[in-house]
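Thanks for coming. I have one structure to show today, and I will keep to its geometry.

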Amino acid sequence: MAEAAQAPPRRDHSLFDAELSGAVLNTRLLRRLFRWMKPYRLTFAASGLLVLAASTFQVLLPVIVSLVVIDHVIRGETEHAPPDFGMVDLTAGLSAVLHIHPLAAACLLYAAAHLCWAAAAHAHRLTLTSSVINGLRDLRLDLFSHLERRPSSFYDKVAVGRVMTRVTNDIEALYELLRGIGTLIGEFVPFLVALTIMLTIDAELTLILLLTLPVMGAVTWWFRRTTRELFRLVRASVSALNQNMQENLAGLQVVQLSGREAHNLERYTEINRRNRHNELRSARWETLYGALNDTMAHVAIGIVLYYGAGEVIQDRMSLGSVILFTRFIDMLFHPIVALGEQTNILFRAMASGERIFQALDWDERVREPDRPVALPGRLAGEIEFRRVDFAYEPDVPVLNDVSFTIRPGEKLAIVGPTGSGKSTLIRLLGRFYDFDDGNIFLDGIDLNRIHTRDLRRRIGVVLQDFHIFSGSIADNIALGDPAITREAVMRAASRVNAHGFISALPQGYDTELAERGQNLSQGQRQLLAFARVLAADPEILVLDEATASIDTETELLIQDALAKLTAGRTSILIAHRLQTIQHAGRILVMNGGRIEELGSHRELLEQGGLYSRLHALQFQDNAETGLPVR
């Protein structure tokens with residue numbers, strides 16, 4: 001008997017697709033995010049020390065120009081002694097040691113400080129970026145691994161585009177956030193140092209300048225609040241442009257065959273017009289904001305010049321100190337601007353972080369047994385469905401009381417109208433969905449007691465839509481399984497009659513396949529699908545409409561291969577074209593989620609039931625149209 005298990009909880013998958021605003025600062029989310037940064041904390045610490053060093057040298061540069069060169073060297077002033085961090089004495093020492101003029105010594109000191117600032121700032125950016133990229137790489141891998149293990153029921157209800165956004169765009173938003181935090185640190189350290197020096201030089205003038213900061217902050221807040229929705233519209237219009245372009249290029253053949261070029265251009269033009277409108281509005285606001293920033297900075301410089309000139313005339317302040325104030329104004333204002341920019345990034349990143357962790361916390365999965373049964377080295381291949389009921393959605397049954405047995409090594413065909421439940425039988429056999437009503441046994445072992453990883457290794461499935469991965473033909477047959485050698489790949493290809501066309505390719509088995517295998521014909525892709533399954537050597541073979549989209553010549557090759565490959569294997573063939581399954585040992589006829597008939601081709605024809613009617617209808621249609629019976 002299957003191990004007892006509770007039914008999975010009902011889940012609201014619309015929550016996964018919902019738009020999240022990230023309107024508030026979520027400190028819990030930030031703490032959780034920094035767990036991925038923890039392995040790189042030493043690099044983060046180094047980045048912090050480097051930004052302190054870079055900020056120090058950034059402040060020293062205007063100090064050297066104003067206090068050393070102007071006040072000390074040019075004007076020869078010694079009475080006013082604002083904090084120069086020892087630069088005056090260091091200049092005098094260099095002049096004496098190198099026997100050069102103090103002005104030349106000051107220039108050398110300035111050049112050295114500038115080089116140190118550039119090196120420290122560059123190293124800070126490198127270490128910060130490296131730490132962030134490494135941490136987000138680990139997060140992206142964990143997210144990818146987690147999403148790979150979600151069951152088919154999850155992807156039945158969640159748009160794949162939303163899932164891809166989590167792994168791409170949302171991770172990128174977190175990168176901008178973490179890099180922005182490092183940028184803010186680099187802005188506020190010189191802000192605090194410059195503010196300290198300014199208070200030391202002239203507290204009254206510094207306090208006057210500080211009164212302009214709230215005005216600057218208010219302007220920045222107003223601008224960001226006003227343009228937040230506008231920037232969202234810009235991103236949405238760019239996304240719509242990309243989506244429309246991708247849709248048209250992906251269906252280019254249909255576009256050209258149906259003569260839709262003018263119509264599609266009209267639609268693209270309209271989307272492009274909306275994007276241009278939003279982009280121009282955004283540019284106007286950005287230009288206005290830049291002008292306001294420049295105006296505020298020049299107003300502050302005007303205050304310094306007016307107030308400072310009076311202090312210089314009254315000999316209460318040096319000329320170099322006034323110039324130093326003007327150089328420090330940018331250090332006072334720029335952090336406010338940067339903070340405003342990072343606020344928008346922060347809110348967007350909060351929404352991205354919520355989406356990422358929502359995906360990571362989505363624990364929907366196929367139930368695994370607590371104590372899985374170990375399968376023998378080789379299965380006999382007996383399959384039994386016993387009173388199985390199943391529904392993808394509640395109250396919409398797909399299978400009703402399905403019971404049948406497939407003997408070891410038997411070839412069973414499953415046919416029936418569309419929606420009768422044929423493919424659902426295979427999905428349940430592969431344990432892609434949980435089911436509680438009824439049992440499925442493999443060699444007498446309940447599937448609910450077998451780990452899905454072990455079970456799926458024993459079942460080879462060939463679908464009509466064969467998926468090609470990026471890589472060579474050999475890679476697509478072996479699928480990275482180290483147990484499948486190059487020789488095994490070639491043997492499998494030979495047995496399904498694929499070796500001939502592969503050898504004729506320029507690089508043979510090393511030929512790189514184009515996107516979705518477009519450099520191969522449909523028939524060649526299907527032959528690769530057979531080779532992929534057979535290289536894995538499963539005990540059970542499932543062919544789900546595997547020969548529905550190939551030409552007659554290729555079908556003859558496949559039928560020849562099937563006759564050899566299904567020998568000794570339990571085989572299940574699902575097909576609409578009855579011509580392809582007439583030689584099956586038995587045929588199972590599904591209708592409305594129930595078993596309608598079960599027997600050999602001849603027995604079912606003699607019964608005159610659903611199979612007989614389907615057979616007559618299909619072959620009559622072929623006869624009336626003059627098409628060959630296939």
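I will go through a helix pair, then the sheets, then the main pocket. Keep in mind that this is a predicted model.

Start with the helices. Helix α3, residues 41–74, packs against α5 at an angle of about 160°. The two axes are 8 Å apart. Angles over 145 degrees count as roughly antiparallel, and α3 and α5 are therefore roughly antiparallel to each other. As for handedness, α3 passes α5 in a left-handed crossing. What classes of residue make up this contact? In the contact of α3 with α5 there are 25 nonpolar residues and 7 polar ones, and no charged ones.

Now the sheets. One of them is an open sheet of 6 strands, with mixed pairing. Reading across, the order is β6-β9-β10-β3-β11-β12. Which strands stand at the edges? They are β6 and β12, the latter being residues 594–599. Each has a single partner strand, so one side of each is left without a neighbour in the sheet. From one strand to the next, the twist averages 15°.

Within that order, take the pair β9 and β10. Strand β9 covers residues 540–544 and strand β10 covers residues 570–574. The two run parallel and are joined by 5 bridges. To place one of these on the screen, find Asp-544, whose bridge partner in β10 is Ile-574.

There is also an open sheet of 4 strands, and here the pairing is antiparallel. Its order is β2-β1-β4-β5. The edge strands are β2, at 396–406, and β5, at 445–446, and each pairs on one side only. Strand β4, residues 437–442, runs antiparallel to β5, with 2 bridges between them. Leu-442 is the residue that stands opposite Ile-445 in β5.

Last, the pocket. How much space lies in the largest pocket? The value is about 2,600 Å³. It is lined by 50 residues, and the closest to its centre are Glu-148, Ser-152, Phe-432, Arg-456 and Phe-469. Several elements give two or more residues to the lining, among them α5 (102–148), α6 (152–157), α15 (452–456) and α19 (522–536). So α5, the helix packed against α3, also contributes to the lining of this pocket. Strand β6 (459–463), an edge strand of the 6-strand sheet, is another of the elements that give two or more residues. By class, the lining has 30 nonpolar, 7 polar and 13 charged residues.

That is what I have; questions are welcome.

How values were computed
Residues numbered from 1 in each chain as written. Predicted model: local features only at pLDDT ≥ 70, side-chain atom pairs only at ≥ 80, totals over all residues. Heavy atoms only, no water. 1 Å grid on protein atoms, 1.4 Å probe; cavity = no way out; pocket = protein on both sides within 12 Å on 5 of 7 lines; lining within 4 Å. Points joined across faces, edges and corners; volume = space filled by probe spheres on them. Nonpolar A, V, L, I, M, F, W, Y, C, P; charged D, E, K, R; others polar. Axes fitted to C-alpha atoms, helices over the stretch in contact; angles between N-to-C directions. Parallel < 35°, antiparallel > 145°, perpendicular 65-115°, else oblique. Left-handed = near helix turned anticlockwise from the far one by under 90°. Pairing = 2+ DSSP bridges.
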